[in-house]
Amino acid sequence: VPECLYRSVVTVYDSRGKVALSGYYDLLRGIIQTLLQVVLIIFTANFLYLFVASAISTVIIGSLMYLKLEDVRIKTFSMEEVSQIKSFGVWNSVDALSKRVEPRITTIIISAILSPAIAGVYGVVLRTTRPALYISRSLSRTLFVETSHRKSKDESIEDEVSLGLKYAPIIAVPMFFGTVGLSENILSFLYTPEYTK
């Protein structure tokens, strides 16, 4: 329940263009959570308190974020509204699960059809290419707020999208050309020659 309420408040911040601020609060929650977990584990030696610390940090930061919102208040729901939220929740759960499973399915298939060793190399390569997505992901999250706002007013978003497309491949394009000729050398340098045999 605290996590659901916390995510709702984070979504409100993001939808109002306060993406950086919600990220700051999320980081603060992570720091408090880690400190509480360490302290509670030291004094209790009970791993159940890992979850307790997570709940406490979520309530603290979620409440702080909620109090900072000026014109947004939690309201009671009618049964019809609860039913609509439930329908969305079912769809969203399936969607979120599929997004988590889909990237791992490829590795499982490679391992089953070829060999676990090749699946291991594939996993290493996949992790190595992730930096290529840093800028594009940051842009997509930032542009999502602006384009959603414009679309709600039936305004054009072409200039924002074209601007994002200019900067999204800044890291990806050089990485592509670099890996075409130097892929084996890069993997050897990062992970030792064992992964390239």
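Is Leu 21 buried, partly exposed or exposed? Let's start there, and one thing up front: what you're looking at is a predicted model. Leu 21 sits in helix 2, and at 35% relative accessibility it counts as partly exposed, because the band for that label lies between the 20% limit for buried and the 50% limit for exposed. For a feel of the helix, take Leu 21 and Val 39: they are 18 residues apart in sequence, and their C-alphas are 27 Å apart in space.

Staying on helix 2, which covers residues 19-44, let's go to Tyr 25, which also lies in that helix. Tyr 25 comes out at 7% relative accessibility, so it counts as buried. What does Tyr 25 touch, once we leave aside its neighbours within four places in sequence? The list is Tyr 6, Tyr 13, Ile 61, Leu 64, Met 65 and Lys 68. Tyr 6 and Tyr 13 belong to helix 1, while Ile 61, Met 65 and Lys 68 belong to helix 3. And for something at the other end of the scale, the C-alpha atoms of Tyr 25 and Val 161 are separated by 28 Å, with their positions 136 residues apart along the chain.

Next, Arg 29, again in helix 2. Is this arginine buried or exposed? Arg 29 has a relative accessible area of 10%, so it is buried, given that the label applies under 20%. Leaving aside neighbours within four places in sequence, Arg 29 is in contact with Glu 3, Tyr 6, Arg 7, Ser 57, Thr 58 and Ile 61. Notice that Tyr 6 and Ile 61 turn up here, and they were on the Tyr 25 list too.

Right beside it in sequence is Gly 30, also in helix 2. Gly 30 is partly exposed, because its relative accessibility is 28%. From Gly 30 to Ser 57 it's 27 residues along the sequence, but 7.8 Å in space, C-alpha to C-alpha.

Okay, helix against helix. How do helix 1 and helix 3 pack? Helix 1 is residues 2-15, helix 3 is residues 48-68, and they pack at an angle of about 35° with their axes 9 Å apart. The crossing is left-handed. On the helix 1 side you have Pro 2, Glu 3, Tyr 6, Val 9, Val 10 and Tyr 13. Those meet Ala 55, Thr 58, Val 59, Ile 61, Gly 62, Met 65, Tyr 66 and Lys 68 of helix 3. By class, that contact has 10 nonpolar, two polar and two charged residues.

Now the other pair, helix 5 and helix 8. Helix 5 (residues 116-129) and helix 8 (residues 172-191) pack at about 120°, with 11 Å between the axes. Helix 5 passes helix 8 in a right-handed crossing. Helix 5 brings Val 124, Val 125, Arg 127, Thr 128 and Thr 129 to the contact, and helix 8 brings Met 175, Ile 186, Leu 187, Leu 190 and Tyr 191. Sorted by class, that's seven nonpolar, two polar and one charged.

Last stop, helix 4, residues 79-113, where we find Val 94. Val 94 is at 54% relative accessibility, so it counts as exposed; the cut-off is over 50%. Its C-alpha is separated by 27 Å from that of Arg 16, which is 78 residues away along the chain.

And which residues line the second largest pocket? They are Asn 92, Asp 95, Ala 96, Lys 99, Arg 100, Pro 103 and Arg 104. The volume of this pocket is about 430 Å³. As for its lining, four residues are charged, two are nonpolar and one is polar.

Technical notes: Residues are numbered from 1 along each chain as its sequence is written. This is a predicted model: local features need pLDDT of at least 70, side-chain atom pairs count only at pLDDT 80 or more; totals for chains, interfaces and linings use all residues. Side-chain values use heavy atoms; hydrogens and water are left out. On a 1 Å grid over the protein atoms alone, a cavity is a set of points where a 1.4 Å probe fits but cannot get out, and a pocket is an open set with protein on both sides within 12 Å along at least five of seven lines; lining residues have an atom within 4 Å of a point. Grid points are joined across faces, edges and corners, and a volume is the space filled by probe spheres set on the points. Ala, Val, Leu, Ile, Met, Phe, Trp, Tyr, Cys and Pro count as nonpolar, Asp, Glu, Lys and Arg as charged, and the others, Gly among them, as polar. Helices (H or I, at least four residues) and strands (E, at least two) are DSSP runs, numbered from the N terminus. Buried means under 20% relative accessible area, exposed over 50%, partly exposed in between (1.4 Å probe, protein chains only). Contact means heavy atoms within 4.5 Å. Axes are lines fitted to C-alpha atoms, for helices over the stretch in contact, and angles run from 0 to 180 degrees between N-to-C directions. A crossing is left-handed if the near helix is turned anticlockwise from the far one by less than a right angle, and right-handed if clockwise.
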